[in-house]
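Hi,

Here is the structure I said I would pass on. Have a look at it first, and my notes follow below.

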Amino acid sequence: MILEGELKPGERIRESVIADQLNISRNTVREAVRLLQGTGLVRYVFNRGLAVWDPSDEEVLDIYRARLHLETAAAASVGYDTDLTKLNAAMEALKDAMLTEDPRTIVEKDLDIHRAIVGLMNSPRLNKFYDELLGDLRYFLLILSLEHHEYESGSTLEEEHQRIVTAFASRDPELARTTIAEIITENRDEVRKILAIRTAG
């Protein structure tokens, strides 16, 4: 309901209403909400209780700024001795995931590609920091996928990620950096647009 936009950003979570709509018990809804709190999709709002996460535009920009810094730094580190095995494997896994037409599966494999990119810097601390961003990024990529139907046949998602992998495979740091920066920036702008529409609606 959150990802599909039925529950809008900032909307209060009313367990009884959701239980009635889905014809399930309130205990089931309560457990689902607890799990969603763990992902960050549902957060406690002072004087309102639990509500759908309503990221401000500043938050979106900050999350993508951090992502951009990490992934372009990884791109700048690419050289002829860089091991791209995990990145190539992640790309193949995304191709397989596209066949499922399941947005959640596809988004996870999408994120694995970007996790592999950051992993090229061989820094456990940077990997850990990036993993902390993944909860927010997962939400953003899922709503993008659902809005643009990127999990359906003919999607440009696979082509977009192949561009990234090809740029890294060129061993040209500047090409890798500009390619990943362009795609992340486009992704950020689309997320901002979708969230603005959902909030206004």
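What should the 25 residues of H6 span at 1.5 Å a residue, and how far apart are its end C-alpha atoms? Keep in mind that this is a predicted model. The expected span of H6 is 36 Å, because each residue counts for 1.5 Å, and the end C-alpha atoms lie 34 Å apart, which agrees. H6 isn't straight, though: there is a bend of about 40° at Gly135. Just past the end of H6, His149 has a positive phi of about 55°.

Now the packing. The largest nonpolar core holds 46 residues, and the ones touching the most other members are Leu87, Ile117, Leu137, Phe140 and Phe168. Helices H3 (57-76), H4 (85-98), H5 (103-119), H6 (124-148), H7 (157-169) and H8 (173-200) each give two or more residues to this core. H6 provides the largest share, ten residues. If you want one residue to click on, try Leu87: setting aside neighbours within four places in sequence, Leu87 is in contact with Ile113, Ala116, Ile117, Val165 and Phe168. There is also a second, separate core of seven residues, among them Ile18, Ala19, Val29 and Val33.

Last, a pocket. The second largest one has about 330 Å³ of space. Its lining comes from 13 residues, and Asp83, Lys86, Gly119, Leu120 and Asn122 are the ones nearest the centre. H5 gives the most to that lining, with four residues.

Cheers

How values were computed:
Residues are numbered from 1 along each chain as its sequence is written. This is a predicted model: local features need pLDDT of at least 70, side-chain atom pairs count only at pLDDT 80 or more; totals for chains, interfaces and linings use all residues. Side-chain values use heavy atoms; hydrogens and water are left out. A nonpolar core is a set of buried Ala, Val, Leu, Ile, Met, Phe, Trp, Tyr and Cys residues joined through side-chain atoms within 4.5 Å. Buried means under 20% relative accessible area, exposed over 50%, partly exposed in between (1.4 Å probe, protein chains only). Contact means heavy atoms within 4.5 Å. The expected span of a helix is 1.5 Å times one less than its number of residues. The bend at a residue is the angle between axes fitted to the seven residues ending there and the seven starting there. On a 1 Å grid over the protein atoms alone, a cavity is a set of points where a 1.4 Å probe fits but cannot get out, and a pocket is an open set with protein on both sides within 12 Å along at least five of seven lines; lining residues have an atom within 4 Å of a point. Grid points are joined across faces, edges and corners, and a volume is the space filled by probe spheres set on the points.
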